[in-house]
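Open the structure in your viewer and keep the selection tool at hand. Each stop below says what to select and what is there.

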Amino acid sequence: MNDNELRALISLLDDEDQEVVEHVEQRIRQMGGQMIPLLESEWEGSFNPSLQKRIEEIIHDLQYEAVLERIRDWKNGGAMDLLEGLWIVATYQYPDLSLPKLRQDVEQLFYDVWVDFKTDMHPDEQIKAMNSAFFSKLKFAPNTKHFHSPANSMINQVLESRRGNPITLCVLYMLIARRLNLPVYGVNLPNLFVLTYKNNSGVQFYINVFNRGLIFTTKDIDQYIDQLNIKRLDTFYQPCTNTDIVRRVLRNLMLAFEKNGDTERVKEVDKILNAIREDGDGLPLSDYTQR
């Protein structure tokens with residue numbers, strides 16, 4: 001079908017016969033995301049509120065299916081690119097978000113840090129330099145005022161506002177650190193996402209990005225876990241996977257929508273989460289918690 005035929009098909013969404021409308025809507029959904037630009041054009045040219053609402057619902061569903069397809073492809077492809085995973089999550093609310101632009105923005109952060117960074121420093125000094133650049137120069141900070149805002153789980157919004165929750169701040173910090181060839185990885189703690197510096201020489205310590213890059217040790221984690229009165233698990237001490245990180249971001253997003261009373265979005269995000277859940281995945285306690 002050419003564009004004129006497709007536009008004619010979309011115009012039938014305003015037909016008086018409900019059976020015709022249902023048939024047309026089904027056909028449009030089957031044709032997928034290619035229909036979105038034409039649907040948007042029809043919406044802009046319509047003065048019928050009910051038709052506009054129907055078009056909005058179809059567009060949302062088509063965009064949502066695209067998110068599900070992307071996240072499945074990302075996981076099945078090995079989940080190698082963490083930034084891509086966070087981009088996919090963000091396209092749930094920002095479907096036109098550009099991944100190349102996102103990469104460009106993160107690359108600029110790297111250059112802003114790199115110009116003042118020395119690779120021959122001791123690991124502690126490297127992290128102190130990272131902290132100075134990330135918090136003072138780039139001006140990233142915890143979003144304590146609106147901690148449960150869905151925007152904290154949207155990587156583009158965190159880049160724009162320079163405010164985020166523990167996991168999104170950790171992700172940006174880690175992406176910059178990895179570009180600087182620092183062995184920095186994510187760690188799934190209960191109630192709090194942190195980073196670990198772990199090199200091949202046996203040096204390992206932890207970084208609380210939400211507390212302006214506070215450095216702490218394995219013993220500190222021991223005490224933290226014991227205070228929570230839960231069993232010490234290896235996952236609380238060792239690097240987690242990109243899939244673990246994206247799953248946790250999605251759980252934070254679910255909790256944010258839940259606190260806003262947006263049950264429909266909670267269900268939709270849960271479905272995205274299920275698309276990257278591992279077979280037989282028991283999920284550590286840390287994956288069920290906020291932050």
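The tour of this predicted model goes from the core to a small sheet and ends at the surface.

**The cores.** Select Met130, Phe134, Phe140, Tyr173, Leu195, Val209 and Val246, the residues with the most contacts inside the largest nonpolar core, which has 68 residues. Now select residues 166–179, helix α9, which supplies the largest share of this core with 10 residues. A second, separate core has 15 residues, among them Leu9, Ile10, Leu51 and Ile58. In soluble globular proteins, nonpolar side chains tend to be buried together.

**Valine 246.** Which residues is valine 246 in contact with, leaving aside its neighbours within four places in sequence? They are Ile71, Trp74, Leu82, Gly85, Leu86, Val89 and Ile276.

**Strand β5.** Select residues 204–208. Four of the five residues of this strand are buried, so β5 is largely enclosed by the rest of the structure. Add strand β4, residues 192–198, which runs antiparallel to β5 and is joined to it by four bridges. Then add strand β6, residues 214–216, which pairs with β5 in the antiparallel sense over three bridges. Tyrosine 206 in β5 stands opposite threonine 196 and also opposite phenylalanine 216 in β6.

**The two hairpins.** Five residues lie between β4 and β5, and in this hairpin glycine 202 takes a positive phi near 95°. The hairpin of β5 and β6 also has five residues between the strands, and there arginine 212 takes a positive phi near 55°.

**The surface.** Select Tyr111, Trp114 and Val115, which form a nonpolar surface patch with about 340 Å² of accessible area together. Valine 115 lies in the loop between α6 (99–114) and α7 (123–137). Is valine 115 buried or exposed? Its relative accessible area is 55%, so valine 115 counts as exposed, the cut-off being over 50%.

How values were computed
Residues numbered from 1 in each chain as written. Predicted model: local features only at pLDDT ≥ 70, side-chain atom pairs only at ≥ 80, totals over all residues. Heavy atoms only, no water. Patch = residues over 30% accessible without salt bridge, like charges linked within 9 Å, V, L, I, M, F, W, Y side chains within 5 Å. Areas by Shrake-Rupley, 256 points an atom, 1.4 Å probe, with all protein chains shown as cover. Salt bridge = Lys/Arg side-chain N within 4 Å of Asp/Glu carboxyl O. Buried < 20%, exposed > 50% of the residue type's maximum accessible area, 1.4 Å probe, protein only. Core = buried A, V, L, I, M, F, W, Y, C linked by side-chain atoms within 4.5 Å. Contact = heavy atoms within 4.5 Å. Pairing = 2+ DSSP bridges.
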